[in-house]
Amino acid sequence: MDQMIWIGGTAIGVVVAFFVGYLVRARAGRSNLQSAERRAQTVLDQAQGEAEASRRNALLEGREEALRIKQQVERETQEARTTQLAVERAFHEKEAAFSRRVELIDKKERDLKRSETELRDRETAVQARDGQLDKLIVEQTGMLERIARMSAEEARARLMAEVENEAKAEAARHVTEIRETAQRNAEREARKIIGLAIQRYSADHVSEVSVSVVHLPSDDMKGRIIGREGRNIRSFEVITGVDVIIDDTPEAVILSGFDPVRREIARLSLERLVADGRIHPARIEEVVAKVKTEVENRIHELGEMACLEVGIAGIHADLQNLLGRLHYRTSYGQNILSHAIEVAHLTGMIAVELGFDQKMAKRCGLLHDIGKALDHDHEGTHPQLGMEVAQRYGEPQPVIEAIGYHHDDYAGGSLWPVLVASADAISGARPGARRESLEVYIKRLEALEKIACGFPGVEKSYAIQAGREVRIMVEHNKVDDGRAQVLATEIARRIEKELQYPGQIRVTVIRETRAVDYAK
C-alpha cells in the first residue's frame with residue numbers, strides 16, 4: 001500500500017515536474033523570442049539608418065557631380081563664346097580695313113579721273129594759247145622790223161653782240177673784285193675757300209623712320225595682345241606712348257611713333273611680353289618699366305663710349321645722354337650717332353690741315369647734330385635746338401656756332417661752321433653711307449618729269465640714270481634750235497629752285513625734224 005502510495009506520489013511528482021518544466025520552457029521560449037524580436041528590430045533599425053545615410057550620401061554626391069558638370073559646361077560655353085567674340089571682332093576689323101581700302105581706291109580713281117579731265121582741259125587751253133602766242137609773235141616781229149628798220153636776224157645778231165660784250169665786261173669786273181678781295185684777306189679767304197670746296201662735295205638730306213615691326217610666333221598672339229575688349233593694347237599704348245597697328249600682315253605687329261627711344265622701348269617690351277606669354281596690364285607696366293631702365297642705362301653708356309672714342313672730355317652728363325639717344329635715330333639709313341663720331345674725326349683731320357685746334361674741332365663735329373635728339377619733343381629745327389642746349393650746358397662759343405650754322409652761312413665770319421659742314425657733307429656723301437627709300441626715289445623722278453612737261457613746246461620727258469639726267473623731247477615746229485638751249489637753262493633753274501637732290505642733274509633737250517613722203 002505504501003508502495004502504491006509512493007508510486008502514485010512519484011507519478012504525480014513526475015507529472016507536476018513535467019508540467020512545471022513545460023511552463024518554465026514555455027516562458028523561456030517566449031523570453032528568447034522577445035529578445036530575438038528585439039535584436040531583429042534593432043538590426044532592422046540600424047539597416048534602415050544605414051540605408052537612409054547611404055541614400056543621403058548618394059544624393060549629395062549626385063548633386064555635387066551635377067554641379068561640377070554644370071560648372072564645366074558653363075566654362076566650356078564661356079570659352080567658346082569668348083573665342084567666337086574674338087573671331088567676330090577680328091572679322092569686323094578685317095571688314096572695316098577692307099572697306100577703308102575700297103574707299104581709298106575709289107577716291108584715288110575719282111582723283112585720277114578728275115586729274116585726267118583737268119589735264120585734257122589744260123592741254124586744250126595751252127594749245128589754244130600757243131596758237132595765239134605764235135600769231136602775236138608774228139605780228140610783233142613784223143611791227144618791230146618796221147619800227148627798227150632792220151630784219152629779225154639783224155636785230156638778233158646785234159642784241160647778242162651787245163649782251164656778249166656786257167657779260168664779258170661784268171665777268172672781268174667780278175674777277176678783278178675777287179682778286180683784290182683775296183689779296184686783302186689771303187689767309188682767311190684761302191681757308192674759307194678750302195672749306196667751301198670740301199663742303200660742296202655733297203648735299204645733306206634727312207629721312208626718318210617712324211615705325212618698327214615686331215614679329216610674332218603666330219597670328220593667335222594678336223588676340224592676346226589686344227586682350228579682352230582691347231584692354232591690353234590700350235594699356236600698352238598709354239604706358240609706352242606708341243601706337244600699335246594690328247592689320248592683316250601675317251605674324252607681325254607694327255609700332256608707330258615719332259620718338260625713336262619710346263619706339264625702341266615699346267619694341268623690346270612687346271618682344272619680351274610675346275616671349276613670356278603673360279600679357280595683361282599689370283605685367284605690361286612691369287616689363288615696360290624694366291625695359292625703360294635698361295634703355296636709359298644703355299643710352300648713357302653709348303654717350304660715354306662716343307666721347308671716349310673721339311677723345312673728348314668734360315662734356316656734361318645730360319649732353320652725353322642726348323648723344324646716346326642719337327643711336328636710335330637714322331638719316332637715309334645712316335645711324336646718327338655713328339655719323340656724329342665720323343664727322344668728329346673728319347673735322348679733326350681738316351682742322352689739323354688748316355691749322356685749327358683739333359680738340360675743339362672734334363667737339364664741334366661730335367655735337368653738331370645734338371638737336372636731333374630733341375626735335376621730336378620741342379618746336380624748332382635741330383640747329384636751333386642744339387644751340388640752345390649747348391648754351392644751357394656751357395659749351396664753348398665755337399661749338400655753339402658750329403651747331404647752329406653748320407647748314408647755313410654764318411655772317412659772323414667764324415670758320416668752325418664751315419669745317420663741320422664740310423665734314424658733315426663728306427660723311428653723308430661717301431659710298432654706302434646713306435640709302436634712299438624707294439618712295440622718295442620715285443617721287444623725285446616724277447617731280448623731274450612733271451617740271452619738264454610744264455614748259456610749252458615739250459612733248460615728252462624721261463628721267464634716266466637714277467634721276468641724274470632728264471631727257472626732254474620737244475615739238476620741232478614750236479621750239480627752234482635757239483629756243484632749245486634757253487629751254488634747257490630754264491628747266492635747270494626750275495629744278496634747282498623746286499627740288500632738293502644730291503649731286504647734279506643733267507638736262508638734255510632733244511629737237512628732231514622728220515621729213516616724210518611716199519613714192520607712188
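**Arg278 and its partner**

I started with Arg278, which counts as partly exposed because its relative accessibility is 48%. This is a predicted model, so I kept in mind that side-chain atom pairs count only at pLDDT 80 or more. What does Asp276 pair with? I found a salt bridge from Asp276 to Arg278, with 2.7 Å between the closest N and O atoms. Asp276 has a relative accessible area of 32%, so I noted Asp276 as partly exposed too.

**A pair across the chain**

Next I looked up Glu395 and found its side chain in a salt bridge with that of Arg363, at 2.7 Å from N to O. This pair links distant parts of the chain, with the two positions 32 residues apart. I placed Glu395 in the loop between helix 11 (382–392) and helix 12 (397–405), and Arg363 in helix 10 (residues 358–367). Are these two buried or exposed? Glu395 is buried, because its relative accessible area is 7% and the cut-off for buried is under 20%. Arg363 is buried as well, at 13%.

**Glu469, Arg471 and a network**

I then checked Glu469, which forms a salt bridge with Arg471; their closest N and O atoms are 3.0 Å apart. Here I wrote down one buried and one partly exposed partner: Glu469 is at 3% relative accessibility, and Arg471 is at 37%. Which residues are joined into one network by salt bridges that share partners? They are Asp276, Arg278, Arg283 and Glu286, so my opening pair turns up again, given that Asp276 bridges to Arg278 and side chains of opposite charge can pair when their charged atoms come close. My tally for the model is 17 salt bridges.

**Helix 6 against helix 7**

I turned to helix 6 (residues 260–276) and helix 7 (residues 281–310), whose axes come within 9 Å. How do they cross? The angle is roughly 130 degrees, which makes helix 6 oblique to helix 7. I also noted the handedness: helix 6 passes helix 7 in a right-handed crossing. Asp276, from my first entry, has the number that ends helix 6.

**A nonpolar patch**

Last, I looked at the surface for nonpolar side chains. I found a patch formed by Ile12, Val16, Phe18, Phe19, Val20, Tyr22, Leu23 and Val24. Together these residues have about 840 Å² of accessible area. I picked out Val16 for a closer look: Val16 sits in helix 1 (residues 2–148). Val16 counts as partly exposed because its relative accessibility is 46%.

Notes: Residues numbered from 1 in each chain as written. Predicted model: local features only at pLDDT ≥ 70, side-chain atom pairs only at ≥ 80, totals over all residues. Heavy atoms only, no water. Patch = residues over 30% accessible without salt bridge, like charges linked within 9 Å, V, L, I, M, F, W, Y side chains within 5 Å. Areas by Shrake-Rupley, 256 points an atom, 1.4 Å probe, with all protein chains shown as cover. Salt bridge = Lys/Arg side-chain N within 4 Å of Asp/Glu carboxyl O. Helix = DSSP H or I, 4+ residues; strand = E, 2+ residues; numbered from the N terminus. Buried < 20%, exposed > 50% of the residue type's maximum accessible area, 1.4 Å probe, protein only. Axes fitted to C-alpha atoms, helices over the stretch in contact; angles between N-to-C directions. Parallel < 35°, antiparallel > 145°, perpendicular 65-115°, else oblique. Left-handed = near helix turned anticlockwise from the far one by under 90°.
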